[in-house]
Structures are given as structure tokens and as C-alpha cells.
Amino acid sequence: MNKLGILFVLLLGPYVMAQTGTIKGVVLDKQSEAPLIGATIELLNQSTGIGVVTDIDGRFTLDNAPVGRQNIRVGYIGYESITLPNIEVTAGKDVLLTITLLESFNQLDEIVLTSDTNKDRANNKLATVSARQFGVEEVTRFSGGRSDVGRLAANFAGVSTPDDSRNDIVVRGNSPTGLLWRVEGIPIPNPNHFSTVGTTGGPVSAVNPNTLKNSDFLTSAFASEYGNALGGVFDLGLRKGNVDDYEFSSQVGIFTGVEANAEGPLGKKNGSFLVAARYSLIGLIGAGAGGTSATPNYSDLTYNIDFGTGKLGRLSLFGMLGNSDIEFLGDDIDADDLFAAEDEDTFVESRFGLIGLKHQIPLGKNSYLRTIVATSFSGNDFTANRFIDKDTPQERSILFTESDASESRLSFSTLFNSKLSNRATLRAGLLIENFNVELTTRDRNEQPDTNGDGDPDLFTFLSVDENFSILQPYVQAQFRLTEKLTLDAGLHAQYGSLNEQFVLEPRAAFNYQIAPKHKINFGYGLHHQNVPFPLLFLNEDVNGNLIQTNRELDFVRSNHYVVGYDVKLGNAWRGKVEVYHQEIANAAVEPFPSSYSSLTEGSDFGFSNDRVSLVNEGTGFNSGVELTLEKFFSNNYYGLLTGSFFESRYEGSDGIERNTPFNNGYVINALAGREFPLGAKRNKVFFFDTRVSFAGGRYFTPVDLAASQLAGFEILQEDIAFSEQYDAYLRWDVKFGLKINSRNKKQSHRFYVDLQNVSNRENVFVQRYNRLTNQIDQVDQIGFFPDFGYKFQF
């Protein structure tokens, strides 16, 4: 080669090399989670074959993978090989994968090829009914999602979230309080900013999707390891940091805020660290958003520190922390504010945290023991000062509402998993949670003036500092009875020290492959959940003494039945139909004829404060059919169409069957997106996503205007509770942006614009009594709202 040719190569080399990235990860046995040594990983669709084998720890590194969407095939002798499609390779960050292979049913000494893997199956190998996995790419890809895992779930069949102001997740007509949040196998309190103890949603998520690995979402007949939940499970896992290289990223967005992430190797035992911090952009620039003119401030921190594998196993430290506050000043509040009133100054603070230590050690070749110790907490402080005779010479301010609520948990979880054979897996475990609940609420709302000072009395509805425990042992097993038939069966138990109740819950699921592309499944599960804490500890004035008459309420009970049919319509296409029925008993209702039931709680920031002496005699049911047509990402496009058609009903102590407030009747979501590679080196990608959501309006209890005008506060017509329905919900979102991979450095950029509710549809938020005008006002949800974001990885 002459000097000119050498010079040309030297100049061009960095640019050529910059058009590649790295795919790395670990390959494990799906049943035992033991590393597979010598598994082959092949990069497909490349003229020059690129492939590697795993080392003694099951790890691999594929260098020089071209940027863009790539496919890899993973195989191991005696195991079913899999193909992982559409792995997004960028110049700015290594791709980190955890791959599990299933041992062949007949233990053939050859590689058995199967179809492409998709996200229609859960990560948890024992969760095989009404379960699916999701990844960080989906959370950030879909329009209108605000990078919020809760809002991502709104796209799945069986989920209803027609509320732009909160991310409460209504699963198959259940109250959002029926949802279980887990992180790294540990149940946690509400992981949202501006949350309230006992609820499960909020305006802004404190879960940073950039720290998550592929996680699971379950809607019915949960596997035996999940307990104390009726409506659904969000089972989140934190990803590990890069074990070889230091990597950083920063980003900014209206809802996600200003963010900085760092990760890299730690120690000499394949350890790593991952740290991510965010602060609200709205708080920095001093602007209101999300249905209010007040300025919200919020911040969160997530970390996962893996100390690597030693003689005593693998140890990691993980955690999440979040804080938020907002001030609603009456003089600055508009009449259509979603959260505040013009005649009050309101101050809100909330906090959330989780710190956990996880240890896993192999026990022989095919078993392991995983133990986690964690502490978590959540809290909310709320103060409202109300102006009396506002805008008159007699104007004065009084403390009207004061609430301090906190919940802390000390959790211990241990799990033994054993691969008995290539046809059987056993898992048994125990979860112990010790709760400390401190609740104080004083309020003047709807109170008499017994001391004659001209103001309603400030009554103490809650005043408790309580410790109690919930124990949940379980055992479950998966049996591959034939090559086509799989049985999952188990038993979950639950004991609560507060009500001293012990329950046993059988769970079972059958999956039968009736043809290569057709599968049917059946699931059953008995589930129990405690009544929300703010209801359990309400005070009742009994002969001048404040007594907690709800504290010994039994668990609410629910039987889940589900039948499903799955069909693969192609390598990237999937269709699914599920029919379900849920029978609910032991709901808390009043001891006299009433329309009230605890099944109607959870649709707002707080709970009823006047429901006392409750008894476990309420019932309810949820029934429906769900349809899913999904095109997983391939050939640069994807799509998802889901339809849920359901009925959600309950009975209070008056024996009348009514709609629950979550009985929308139908929810239909349609979304689609496409990527357009650009440039000669295809190092730029323009992407587009759009989503349309339809839902029936929520049922509500109408206001008794005459009674409200007479009393001066809102009074509802509870004899006809949830008899009227808001107008149907409709929303259209559009998102587009650009991804750029640097041509000469390990860097990548991502820009996006997310136009939410582009048609400016006026969806109803609430109809409520306005004490200032003595009329019923309709307040609409957030109209057209543009979001934007930028992410830089290096």
C-alpha cells in the first residue's frame, strides 16, 4: 500500500469505526439462572459473520456491531435457541442484555430452533397467564407517555387510565388501590411524586425508566409469589451498570426534568454501579404545568450498586429516593384549576424512598437462594388555610385542613429456586413486612360549630402511630407435562397481625400449544388484600371517645378466572384474546343500608374520612373480554391495537347493584410508529409515533345542589351513587424526533417533540360544587400540551 493509501485509511478509520457499537451481556439457564458456558451468540444479517461464545461466567461481548437495529441468535447444545430481534445499537452506549435459554424437552444433543422472542411473555418464568414484559425503549418511545411506566400500561389491554392529571392504573375495573408495586422483588409504597399514603398513583412518576431492565406487568391470576393485591402487579427490576466501561448520559424534558446518569465497572469481580438523578425542569424555570398554575418541584435519585460475585455469592445495594412539593396560593389559582380552590392557600409535600440489600448464592449446579432486606417509606404533608369572607373587609384566614401521613416498611424476602429437571422447576419463599403507620388528619369540612366561634370545628379524623406485620409464605412449581402442555401451580398464604387473619390462596395456570402458532391458557387464583390504611384507622366519636372502629376489618377477597387464546400471525405479529371474570367479597361497607363500599375508593388523592364501623359484607364483580393485535418492532415499524370491553359493578350494604367509578365499559387504544434511517452511514434516524385512545366516561355521583347551597359545602346524592356518566374520553397524541450517532466518538443524541392531545379535546375531569358561586362547575382535563426532550449519551 502506498503512502497515500495508508494516509487515507488512517483518516477514514475513526469514522468507519464510529459507525459501530457493542452488544454485551450474560446467557443463563432459564430455570436455574446458572450461567451457560460456551453458548454461541451470532450477529445476523451481516455479510461478514460476527459471533462469539460465552465465558466461564456466561458473559459475552460482541464488538463492531453496526449502529441501528440488529438481530442476534443465541444457541447452546441441548437448549432451544432463540433470536432476539431489533436490538437498537447506538454509538453512545453499549447494549446490555440478560438472555435466558430453556433446556430442550427431550434433551436432544442439538440446537432446536424456535421462533423469534417477543415481549408477549413475562420475564418471570412462572407467570404465564395475563402477563407481559415491557422495556425502557417502550416507555420512552410511545407518544403521550411522559416517560412514565404507569402511563405506558395504559396501552395494554385491560388497563384504563382516562385521567390526564394522574397515572392511576385501573386494571379490569378494579380500584387503583388494588395494584401492587414491586422493585427487585420487594413490595413498595406508592412510587410517585405528590402521592398520598394508601394510593398507588400520582401526577408525576418517581420511577426513572432509564434505570429499569425489562420488567413485568400482570393483570390477573398472579403467580403464587405475588400477594396482598387484587387488581394488578407492576414487577420492576433495576438494571446493572456496564461492567467494562464508564458511560454517562444527560437529558432534559418538561415532565422528566433535568437528568444525569453515570454507570461503570466496580471492583474486580464483575461488579458495577448505576446512579441516576433528576430534578424538575418546571421547578427550575418557575412555570406551572399539568392542569394548575402552581409550580411543582420534584426530584428523585435511583441507584443500583452490584459488588460482583465472590465465594459467598453476589451482593448488591439498590435504592430509590424522591421528594416533591407545591404551593397553591388562592390569589393565583384559576377557577378551573384541577387541584386547588381560589379561597384557599394549600401547601403539599411528599416523599418516597427505598433502600435494599440483595444477596444471591448458588446452591449446587441447579439451585439458588435469593435474600433481600429492605426498608421503604412514603409520606405526605398537607395544609390548607381557608379565607373566610374573601375579598371583603371582614376577610380572615383559618387553618381548615391539616394532614401528616407516613408509612414505613421493613421487608425481608427469601426465595429458593431449584431446577429439578428440564421438565420441572420448584420455587418457594417467604415475605415478611413490618409496617409503621403514622397518620394525623384534622379537618373542618362538614363539621358543626359546637364551640360557637363561628367556624366549623377542627375534628381529628386520624391520629395513629401503629406497628403491624403481614407474612406471606408461598410455594409454586412449573411442570412441562408434555412438549405442548405446561402446568403452573402453587399456594400462597397471608397472615395479618392487625386483624389476626390467616388465609390460603391456591393458584394454577395451564398453557397448551394446540398448534405451532396457536396456544390456549387457563388461569385461576384466589387473592386477598387489606383495606387501605387511611380507612382502617379512622376515628369514630363514641360517647366522647375517639375509637378506631375499622382496624380489625378482614382482608378483601377476590377469585380470578381467565381463559386466553394466543396466535402468532407471523414472526413479528401476535394476536390475543382473553376472557375474564372476577368475584369480589368481604369489601368494607357501612353497617346500615348505604351505597358506600371500599371498592369505590382510590380514584382521587385521598379517602373518605367519615366511613366508620365498617363491616366486611360488600361484594362486587368485574367481567370482560380483551383483544390485542400487536406488531412488534421489525422492518422499522411497529403497531399495537387493544380493546377492552368490560363491566365493573358492586353492592353496598343496601343490596343495590351499582356501577363502580371505574366502569368505563370500554377502552380502545391504537398506536403505531416508524423509524426512517438517514444518511449514507445510516447513523441518523428520524422516528414518528402516534396514539389514539378512546374510553367510555367514568360514572359519578351527582351533586345535590340545593342541599349543598344550604350547607355551604358539597353534598352528593348518595342514594343514586354512580348513576351518571361523564362524556366519552378521546385523546390523540403525536411524537416525532431524531436520533443521531456520532461519526467519530462514542456519543449519541436524541431529540423529540411530544404533542399531547393535539385535537385539544375537552375531556371532563370532574363536576363539583363551587362554594364561591354556589353552582356546579364542570372542570375539564388538560387540553393540548406540547412536551419536548433531549438526551445525550457518551
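Two strands count as paired if DSSP finds at least two bridges between them, and strands themselves are DSSP runs (E, at least two residues), numbered from the N terminus along with helices (H or I, at least four). With that in hand, welcome to the tour.

The model is predicted, so local features need pLDDT of at least 70 and side-chain atom pairs count only at pLDDT 80 or more, while totals for chains, interfaces and linings use all residues. Residues are numbered from 1 along each chain as its sequence is written, and side-chain values use heavy atoms, with hydrogens and water left out.

**Stop 1: β5, β6 and β7**

Select residues 79–89, which make up strand β6. Eight of these eleven residues are buried, so the strand is largely enclosed by the rest of the structure. Buried here means under 20% relative accessible area, exposed means over 50%, and partly exposed is in between (1.4 Å probe, protein chains only).

Now add β5, residues 68–75, which runs antiparallel to β6 and is joined to it by six bridges. Look across from V74 and you will find I82 in β6. The two strands form a hairpin with three residues between them, and G78 in the turn has a positive phi of about 90°.

On to β7, residues 95–103: β6 pairs with it in the antiparallel sense over two bridges. E80 stands opposite L102 in this pairing, and five residues link β6 to β7 in another hairpin.

**Stop 2: K24**

Next, pick K24 in strand β1 (residues 20–29). Is this lysine buried or exposed? K24 is buried, with a relative accessible area of 4%. Its side chain makes a polar contact with the side chain of N242 at 3.2 Å. Such a contact is a pair of N or O atoms within 3.5 Å; within protein, one must be able to donate a hydrogen and the other to accept it, and residues adjacent in sequence count only if both atoms are side-chain atoms.

Show the neighbours too: leaving aside residues up to four places away in sequence, K24 touches F60, T61, D94, V95, L96, L97, N242, D244 and D245. Contact means heavy atoms within 4.5 Å.

**Stop 3: a five-stranded open sheet**

Strands of a sheet pair through backbone hydrogen bonds, either parallel or antiparallel. Here the pairing is mixed, and the five strands of this open sheet follow the order β9-β16-β17-β12-β13. Its edges are β9 (131–134) and β13 (186–187), each of which pairs on one side only.

Inside the sheet, colour β12 (residues 179–183) and β17 (residues 232–236), which pair in the parallel sense over five bridges. W181 sits opposite F234 in β17.

**Stop 4: S147**

Move to the loop between α2 (136–141) and α3 (149–152), where you will find S147. This serine has a positive phi of about 55° although it is not a glycine. At 12% relative accessibility, S147 counts as buried.

**Stop 5: β28, β29 and β30**

Select β28 (485–496) and β29 (501–515), with E500 in the loop between them. The strands pair in the antiparallel sense over twelve bridges, and A493 stands opposite L504 in β29. They form a hairpin with four residues between them, and E500 in the turn has a positive phi of about 55°. At 62% relative accessibility, E500 counts as exposed.

Continue into β30 (residues 518–529), which pairs with β29 in the antiparallel sense over eight bridges. A hairpin of two residues joins them. Keep F510 and F522 highlighted, as they stand opposite each other in this pairing.

**Stop 6: a nonpolar surface patch**

F510 and F522 belong to a nonpolar patch on the surface that also takes in F479, L481, V563, V577, V579, L627, F645, Y666 and F694, with about 890 Å² of accessible area together. Patches are made of residues with over 30% relative accessible area and no salt bridge, with like charges joined within 9 Å and nonpolar side chains (Val, Leu, Ile, Met, Phe, Trp, Tyr) within 5 Å. A salt bridge is a side-chain nitrogen of Lys or Arg within 4 Å of a carboxyl oxygen of Asp or Glu. Areas come from the Shrake-Rupley method with a 1.4 Å probe; for residues, only the protein chains shown count as cover.

Within the patch, V577 lies in strand β34 (residues 573–589) and counts as partly exposed at 31% relative accessibility.

**Stop 7: V667**

Finish at V667 in strand β38 (residues 666–678). V667 is buried, with a relative accessible area of 5%. Not counting residues up to four places away in sequence, V667 touches V159, S160, T642, G643, S644, F646, F694 and A695. For a last view, show R146: V667 and R146 are 521 residues apart in sequence and 20 Å apart in space, C-alpha to C-alpha.
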